[in-house]
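The following note comments on a single protein model. The points run from the overall fold to individual residues.

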Amino acid sequence: MSTYPLDLQALSIGLLVVRVVIGLIMAAHGLRGTGQFFVQLGFQPGPAFAAAASLSEIISGLLVALGFLGPTGPALMISVMIVAAMTVHWEHGLFAANNGIELPLLYGAAAFGLALTGFGNYSVDALLGVAGRWSAPFTWIVLVLGVAGGFVNLALRRRPAIEAMT
């Protein structure tokens, strides 16, 4: 039993707030990728992987913030967050204070939730009349492709050789 009666306007405003905050922060995050950092993570060529990650973060963030193209933006965001969690944050545990997986996990969970709920009435999809046309099977397929894309990217990674300490 629900605590609150379903209010589609309030739901749409809540989704708008989540979309704009998550989406714009993700898009801004994509503006800071560097090739050398990706080389250190084991991605070769570093500049190409940095550009791909940056573009993915910017595009996924903007798609989510605008509420455009249904589950596409969330799936792309999940893909990028899988790579970030596994390559940068995993060894540091859960919490962000220790550079753990907390933030990529939160971004990924928010993206997953938005893909499943839809973007609400205050979105480009709603404005164009395509909101609600993304079927559940299509949404799940797109999400699975996003997850698979993250793991394929990880499979392309070559861990850097550990230099001998002298």
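Which pattern does the protein follow when read along the sequence? The points below begin with that matter.

1. Fold. The model is a predicted one. Along the sequence, the pattern is α-α-α-α-α-α-α. The protein accordingly contains 7 helices and 0 strands.

2. Dimensions and contacts. The C-alpha trace spans about 65 × 30 × 25 Å along its principal axes. Of the contacts between residues at least 6 apart in sequence, 71% link residues at least 24 apart.

3. Burial and surface. The protein has 166 residues, of which 37% are buried. It exposes about 10000 Å² in total, and 71% of that area is supplied by carbon and sulfur atoms.

4. Nonpolar core. The largest nonpolar core comprises 27 residues. Within this core, the residues with the most contacts are Phe 38, Phe 43, Met 77, Met 81 and Tyr 107. At least two core residues come from each of α1, α2 (35-41), α3 (46-66), α4 (72-89), α5 (102-117) and α7 (136-155). The most is given by α4, with 8 residues.

5. Met 77. This residue is among those with the most contacts inside the core. Leaving aside residues up to four places away in sequence, Met 77 touches Ile 22, Met 26, Ser 60, Gly 61, Val 64, Tyr 107 and Ala 111.

6. Glu 57. This acidic residue lies in helix α3. Is Glu 57 buried or exposed? Its relative accessibility is 8%, and because the cut-off for burial is under 20%, Glu 57 counts as buried. The side chain of Glu 57 reaches the backbone nitrogen of Gly 30 at 3.2 Å. Residues up to four places away in sequence not being counted, Glu 57 touches Met 26, Ala 27, His 29, Gly 30, Val 80 and Met 81. Met 26 also appears among the residues touched by Met 77, and Met 81 is one of the core residues with the most contacts.

7. Surface patch. Which residues form a nonpolar patch on the surface? The patch consists of Ile 13, Val 17, Val 21, Ile 25 and Tyr 122, with about 420 Å² of accessible area together.

8. Ile 25. This member of the patch is placed in helix α1 (residues 8-29). Ile 25 has a relative accessible area of 44% and is therefore partly exposed, since that class lies between the 20% limit for buried and the 50% limit for exposed residues. Helix α1 thus holds a residue of the surface patch, Ile 25, and is also one of the helices that supply at least two residues of the core.

Note on methods: Residues are numbered from 1 along each chain as its sequence is written. This is a predicted model: local features need pLDDT of at least 70, side-chain atom pairs count only at pLDDT 80 or more; totals for chains, interfaces and linings use all residues. Side-chain values use heavy atoms; hydrogens and water are left out. Patches are made of residues with over 30% relative accessible area and no salt bridge: like charges are joined within 9 Å, nonpolar side chains (Val, Leu, Ile, Met, Phe, Trp, Tyr) within 5 Å. Accessible areas come from the Shrake-Rupley method with a 1.4 Å probe; for residues, only the protein chains shown count as cover. A salt bridge is a side-chain nitrogen of Lys or Arg within 4 Å of a carboxyl oxygen of Asp or Glu. Helices (H or I, at least four residues) and strands (E, at least two) are DSSP runs, numbered from the N terminus. Buried means under 20% relative accessible area, exposed over 50%, partly exposed in between (1.4 Å probe, protein chains only). A nonpolar core is a set of buried Ala, Val, Leu, Ile, Met, Phe, Trp, Tyr and Cys residues joined through side-chain atoms within 4.5 Å. Contact means heavy atoms within 4.5 Å. A polar contact is a pair of N or O atoms within 3.5 Å; within protein, one must be able to donate a hydrogen and the other to accept it, and residues adjacent in sequence count only if both atoms are side-chain atoms.
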